[in-house]
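Reader: I should like to learn how features of a structural model are read from its atoms. Might we proceed one feature at a time?

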Amino acid sequence: MTALSVLKCIECGHEHQIDEPVYVCSRCSGLLDVVHDLERLRPSISRETFDGRLRQVEAPYNSGVWRFKELVFPAVADDQIVTRGEGNTTLYRAPAKLAAWVGSRALSLKHEGENPTGSFKDRGMTGGVTHAKLVGATSALCASTGNTSASMASYCALADLQALVFFPYGNIAAGKLAQSVAYGALNVQVRGDFDACLELVRQASRQLGIYLLNSVNPFRLEGQKTIAFEILQQRRWRVPDWIVLPGGNLGNTSAFGKGLSELYTLGIIDRLPRIAVIQAEGAAPFYQSYREGFATRHQSKAQTLATAIKIGNPASYFKARRTLSLTDGVVESVTDQEILDAKAMVDTSGIGCEPASAASVAGIRKLIAAGVIGADQEVVGVLTGHVLKDPEIIMHYHQGTLAGIQSSFANQLRTIDPTLSDVQSLLSRSHAPSAL
Ligand SMILES: *Cc1c(COP(=O)(O)O)cnc(C)c1O
Ligand SMILES: [Zn+2]
């Protein structure tokens with residue numbers, strides 16, 4: 001019998017077996033998809049199957065990734081899966097003040113910062129590390145702006161793999177670096193930017209035979225597409241008009257398009273949402289290409305305070321382009337000022353997120369103002385990372401110490417002597433909370 005899933009090149013169609021540790025096509029170096037035999041899987045895939053597993057307490061089906069196993073990695077045995085019960089993140093209805101600021105009457109936020117290591121990367125890592133174990137890897141490596149490494153370090157520790165991480169020198173948010181150190185990875189600072197780290201990692205993986213866990217690894221994208229699956233399931237399979245997410249290396253953008261098209265092919269959903277990808281203005285090569293109808297693939301030197309999307313040469317460019325054409329998608333760019341103001345609004349709403357995540361919200365606001373997204377259209381923004389990932393930028397923003405950034409919604413610390421009169425004079429000032 002033929003395999004349930006194969007690796008297929010998106011450029012030339014050449015196929016590889018899924019137990020081959022290849023990350024790009026051996027013929028043309030194109031990106032690979034994990035292609036599942038949907039016709040054979042069709043009888044075992046239904047809304048009822050996926051919904052029934054919501055009651056599961058035990059691994060792996062208590063995971064918001066493996067609940068959709070038939071579309072993630074159907075052939076793997078349940079006891080081989082390396083999982084931390086990832087996914088199952090909250091889909092928030094946006095609080096009124098935040099929704100009003102954004103200009104939407106139908107805004108929800110999918111908070112992927114609620115994953116075990118605080119970002120959506122865990123959904124990809126459970127797929128990637130499970131595959132690494134199956135092919136007999138003993139070590140794995142990645143280049144990272146911080147969240148991939150935090151996640152990889154954790155899942156590798158769990159699976160008893162040695163983790164090797166390459167960071168761009170001096171550019172990692174404190175929370176992320178601390179995680180990678182804590183989980184016991186071998187952490188290497190490279191004198192270069194993220195794009196240089198990724199190139200180095202690709203060479204090292206090829207020449208030294210170390211398992212590669214960046215998002216060019218197609219098994220990561222199989223896990224990450226379950227963000228979209230879970231959004232739909234939480235909406236009782238009603239398709240929103242828009243799903244909006246930040247774009248860095250464009251792995252998530254690629255994963256969403258693939259997953260949504262599979263659900264549509266199988267008749268689990270009756271239409272496709274439109275995808276909007278938001279990039280930071282200083283790291284917007286995909287936006288530039290989009291503006292030119294994808295005539296050229298741009299690269300740039302990336303510059304943004306949102307370090308998780310500080311990427312100048314997105315690895316999944318061609319897959320992301322496919323997502324855009326499939327979903328009639330759009331790409332927008334936002335400034336760091338817009339990102340940090342959106343973050344302050346998400347944070348003060350009580351939900352909180354890391355800077356790159358707030359690009360989603362800043363982008364929705366901009367697209368509504370431009371009339372691309374309607375105020376009454378159903379929009380789901382993806383918050384990709386946890387508020388504690390980057391504590392330094394929070395304090396700098398609220399203290400007004402970020403160069404070139406106006407702290408529009410600053411919440412300053414106050415200091416008083418331990419006297420009741422100091423408390424009284426503090427509360428009598430205009431911005432202080434009123435008496436109960
Ligand atoms: C990785 C990451 C992104 C970028 O996702 P891509 O798939 O690389 O486009 C955005 N936000 C956060 C918090 C991330 O960790
Ligand atoms: Zn090929």
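Author: Let us begin with burial. A residue counts as buried when its relative accessible area is under 20%, as exposed when that value is over 50%, and as partly exposed in between. The model shown here is predicted.

Reader: Is Lys-110 buried or exposed by this criterion?

Author: Lys-110 has a relative accessibility of 0% and therefore counts as buried.

Reader: Which side chain does Lys-110 meet in a salt bridge?

Author: The general idea is that a salt bridge pairs a side-chain nitrogen of Lys or Arg with a carboxyl oxygen of Asp or Glu within 4 Å. In this model, Lys-110 meets the side chain of Glu-230, with 2.6 Å from N to O. Because Lys-110 belongs to strand S5 (residues 107-111) and Glu-230 to helix H10, the pair ties together parts that are 120 residues apart in sequence. Glu-230 is buried as well, at 1% relative accessibility. Salt bridges with shared partners join Arg-67, Lys-110, Glu-112, Arg-123 and Glu-230 into one network.

Reader: How many salt bridges does the whole structure contain?

Author: A search of the whole structure yields 23 salt bridges. One of them is formed by the side chains of Arg-322 and Asp-33, at 2.7 Å from N to O. Arg-322 sits in helix H13 (residues 317-327) and Asp-33 in strand S3, so this contact ties together parts that are 289 residues apart in sequence. Arg-322 is partly exposed, at 32% relative accessibility, whereas Asp-33 is buried, at 10%.

Reader: Where in the chain are Asp-51 and Arg-236?

Author: These two residues also meet in a salt bridge, at 3.3 Å from N to O. Asp-51 lies in helix H2 (residues 47-52), while Arg-236 lies in the loop between helix H10 (226-234) and strand S10 (242-246); they are 185 residues apart. Asp-51 is buried, with a relative accessible area of 18%.

Reader: Let us turn to the metal site. Which residues are the protein donors of the zinc ion (ligand 2)?

Author: The SG atoms of Cys-9, Cys-12, Cys-25 and Cys-28 are the protein donors, at 2.3 to 2.4 Å from the zinc ion (ligand 2). Along the chain, these donors follow the spacing C-x2-C-x12-C-x2-C. Cys-9 is in strand S1 (residues 5-9) and Cys-28 in the loop between strand S2 (15-17) and strand S3 (32-36), 19 residues apart. Cys-9 is buried, with a relative accessible area of 4%, whereas Cys-28 is partly exposed, at 35%.

Reader: Why is the site of the zinc ion (ligand 2) classed as tetrahedral?

Author: Four donors count as tetrahedral if all angles lie between 85 and 135 degrees. The angles among the four donor atoms here are 97 to 118°, and the site is tetrahedral.

Reader: How is a sheet to be read, and in what order do the strands of the open sheet stand?

Author: Strands of a sheet pair through backbone hydrogen bonds, either parallel or antiparallel. Here four strands form an open sheet in the order S8-S7-S6-S9, with parallel pairing. Strand S8 (186-190) and strand S9 (211-212) stand at the edges with a single partner strand each, so one side of each has no neighbour in the sheet. Strand S7 (residues 162-168) is joined to S8 by five bridges, and Val-165 stands opposite Asn-187 in S8.

Reader: Finally, which residues form the nonpolar patch on the surface?

Author: The patch consists of Ile-416, Leu-420, Val-423 and Leu-427, which together have about 340 Å² of accessible area. Val-423 belongs to helix H17 (residues 420-428) and is partly exposed, with a relative accessible area of 31%.

How values were computed: Residues numbered from 1 in each chain as written. Chains lettered and ligands numbered in written order. Predicted model: local features only at pLDDT ≥ 70, side-chain atom pairs only at ≥ 80, totals over all residues. Heavy atoms only, no water. Patch = residues over 30% accessible without salt bridge, like charges linked within 9 Å, V, L, I, M, F, W, Y side chains within 5 Å. Areas by Shrake-Rupley, 256 points an atom, 1.4 Å probe, with all protein chains shown as cover. Helix = DSSP H or I, 4+ residues; strand = E, 2+ residues; numbered from the N terminus. Buried < 20%, exposed > 50% of the residue type's maximum accessible area, 1.4 Å probe, protein only. Donors = N, O, S within 2.8 Å, 3.2 Å for Na, K, Ca; no water. Tetrahedral: all angles 85-135°; square planar, octahedral: opposite > 155°, others 65-115°. Pairing = 2+ DSSP bridges.
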